[in-house]
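Student: Hello! Could you walk me through this protein, one question at a time?

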Amino acid sequence: MFNTLPQNINDFMDWTWDQIKPYTDDLVNRPLTAATIDAWLADWSQLQSLIAETYSRMQIRTTTHTNDEAGQNRLAGYAEHVIPQVSEVEQELIKKLLASGLEPDQFENPLQKMRVDAEIFRSENLPLETELQKLSIELNKLAGARVVDWDGEEMTMQQVMAKLTDQDRATRERAWKLSMERVIQDRAAFDGLWVKLLDLRTQMAKNAGFEDYRAYRWQQLKRFAYTPDDCKTFHAAIEEVVVPAASRINAKQKALLGVDTLHPWDAYWFFRVDPADAPPLKPFASIAELNNKIEAIFTKVDPELGGYYRIMRDEGLLDLESRKHKSGGAYMEEFPTTGRPFIFANSVGIHNDVTTLLHEGGHAFHAFETAHLPYYHLFSLGNIPMEFVEVGSMAMELLAAPYLTTDHGGFYTDSEAARARAEHLEGILLFWPYMAVVDAFQHWIYENPDAARDTDQCDAQWSELMRRYLPDIAWSGVEDTLAIYWRRQGHIAEMPFYYVEYGLAQLGAVQVWANALNDQAQAVKDYRRALSLGATATLPELFAAAGAKFAFDAATLREYVDLIERTLDELAAV
Ligand SMILES: [Zn+2]
């Protein structure tokens with residue numbers, strides 16, 4: 001152990017790079033042998049934990065106090081004067097570990113990732129990486145500058161899109177068209193950046209010795225457990241099994257709205273317009289009430305998980321209320337020095353606050369469950385495949401669902417809970433086809449890099465995929481808003497191929513839920529054990545431990561789509 005490193009994070013938060021450097025020098029220079037490796041990894045992990053937690057706490061501070069200028073400067077200073085230096089040393093330490101040929105206990109997966117990173121690393125790609133980041137900033141600037149005029153009031157895209165659930169159809173149509181027209185105005189600027197991004201990515205792949213960007217990106221994303229062909233199998237399975245199920249939901253939506261045609265402003269993959277006679281759910285009136293009820297629900301799922309939530313309450317690890325000078329959104333952050341998680345949210349008393357907290361709660365429990373592992377590389381959620389990390393959170397949303405009613409200590413009457421659960425399950429079915437579009441589109445792009453430089457061809461390909469996977473939406477008269485839409489899906493330009501993770505994780509989550517319907521105690525035990533494996537297991541092993549199959553095929557998907565549809569029928573009868 002580095003005995004001179006502070007044990008308490010508060011004593012480390014002000015450390016400069018000059019103070020940290022002697023410790024990294026020690027790690028770089030210390031002889032690495034079978035006898036010294038455990039202590040070396042422990043010391044590295046201790047330092048990593050302190051630095052990662054410092055950075056997390058600084059980031060949390062800027063999102064919980066957006067008006068704290070000193071906090072923002074502190075974060076910026078750390079990002080500039082500590083993090084890059086640390087990253088450089090980390091590369092050296094990885095090289096040192098790989099060169100040693102030592103294979104520490106439980107380190108198989110981290111070593112595999114390190115080997116791949118070393119194999120695909122090219123120094124000539126570093127300036128290209130910087131160039132990519134600059135383009136990303138330009139894209140964000142474009143998106144951030146988008147406001148529209150709504151009856152003289154300036155509205156952000158989020159504010160306008162929120163009107164898509166308005167009861168008045170004409171208002172929804174206007175919101176759709178206004179927001180999409182604003183994106184269309186940016187077309188030329190976006191497309192210029194897009195071609196530069198594509199060219200840079202192709203070049204980086206070539207520099208690293210890959211024939212195409214997808215093959216390079218696959219390694220970069222550490223997708224060892226599945227191939228591009230598996231993704232295509234998944235798309236085909238979704239088309240065969242989920243698209244018809246989504247159509248049945250859309251048929252109900254049409255009847256509910258009393259319309260013959262579903263325009264994109266009547267129903268879309270991410271929103272449903274509620275029938276006029278259903279007022280929005282009001283699950284809680286205070287944060288205390290939210291906490292009491294959520295804790296009761298977690299306790300019903302598993303008393304120890306309820307206990308974890310109690311710890312978070314007692315130790316001040318929750319910042320849930322919406323208030324001035326707080327950023328939007330919700331997230332979970334880990335505090336690696338203590339193995340504790342922290343949850344940030346913006347709760348205002350709507351149902352979405354409940355699902356968000358259940359989701360982030362699942363992530364938080366993951367952090368609790370991995371805390372026993374010895375090294376940062378093994379317990380940090382960032383080192384666990386995303387495809388499984390999201391099982392932790394998505395499964396919790398489903399495991400908790402039966403306890404949303406007041407008789408279990410939850411929020412709702414039976415009929416309110418049935419409505420909330422139906423919306424959730426419908427959302428799962430509606431998401432898969434859209435996910436298939438986003439993923440299939442990207443496979444097309446990087447299989448046809450020359451065609452993809454022509455954005456008219458991209459538009460045509462996107463439109464075709466959308467019509468195929470979301471066949472119930474009528475685009476006549478607004479074809480231009482269909483063609484432009486892929487530019488609104490930020491992942492496509494900025495985080496290539498990053499999206500299928502959610503679809504795969506969702507299929508894992510519904511399997512955990514199905515197991516719980518048969519035997520909740522056993523299913524939750526398996527779920528918790530899978531979480532506790534951290535980064536010591538492969539993706540298929542993690543799924544298997546959770547009692548699920550890591551799968552892409554239509555037969556597996558059908559089993560769970562059937563379960564979802566049966567449950568929807570049951571809920572409709574409540
Ligand atoms: Zn998540």
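Student: Which residues of α2 meet α3?

Tutor: Helices here are DSSP runs (H or I, at least four residues), strands are E runs of at least two, and both are numbered from the N terminus. Contact means heavy atoms within 4.5 Å. On the α3 side, the residues are G71, Q72, R74, L75, Y78 and A79. Facing them from α2 are I51, T54, Y55, M58, Q59 and T62.

Student: How many nonpolar, polar and charged residues does that contact have?

Tutor: Ala, Val, Leu, Ile, Met, Phe, Trp, Tyr, Cys and Pro count as nonpolar, Asp, Glu, Lys and Arg as charged, and the others, Gly among them, as polar. Sorted by class, the contact of α2 with α3 has six nonpolar, five polar and one charged residues.

Student: Before we go on, where does the model come from, and how are residues numbered?

Tutor: This is a predicted model, in which local features need pLDDT of at least 70 and side-chain atom pairs count only at pLDDT 80 or more, while totals for chains, interfaces and linings use all residues. Side-chain values use heavy atoms, leaving out hydrogens and water, and residues are numbered from 1 along each chain as its sequence is written.

Student: At roughly what angle do the axes of α2 and α3 cross?

Tutor: Axes are lines fitted to C-alpha atoms, for helices over the stretch in contact, and angles run from 0 to 180 degrees between N-to-C directions. Helix α2 covers residues 37-64 and helix α3 covers residues 69-81. Their axes come within 9 Å, and the crossing angle is roughly 145 degrees.

Student: Which residues donate to the zinc ion?

Tutor: Donors are N, O and S atoms within 2.8 Å of the metal (3.2 Å for Na, K and Ca), and since water is not among the atoms, sites may look incomplete. The protein donors lie 2.1 to 2.5 Å from the zinc ion, and E390 appears twice among them, through OE. In sequence, the donor residues follow the spacing H-x3-H-x26-E. They are H359, H363 and E390.

Student: Why are H359 and H363 separated by about one helical turn?

Tutor: Both belong to helix α14, residues 351-370. They are about one turn apart because their positions in that helix differ by four residues.

Student: Is H363 buried or exposed?

Tutor: Buried means under 20% relative accessible area, exposed over 50%, and partly exposed in between (1.4 Å probe, protein chains only). H363 has a relative accessible area of 7%, and its fellow donor H359 has 15%. By that cut-off, H363 is buried.

Student: Which residue is 25 residues from D319 in sequence but 5.0 Å away in space?

Tutor: D319 lies in strand β5, residues 318-321, and is buried at 12% relative accessibility. Beyond its neighbours within four places in sequence, its contacts include T64, K326 and F342. The residue 5.0 Å away, C-alpha to C-alpha, is F344.

Student: What is the phi of F497, roughly?

Tutor: Most residues other than glycine have a negative phi. F497 sits in the loop between α20 (490-494) and α21 (500-518), and is buried at 0% relative accessibility. It is not a glycine, yet its phi is positive, at about 70 degrees.

Student: Where does K222, another residue with positive phi, lie?

Tutor: K222 is a residue other than glycine, with phi near 55 degrees. Its place is the loop between α10 (213-220) and α11 (228-257).
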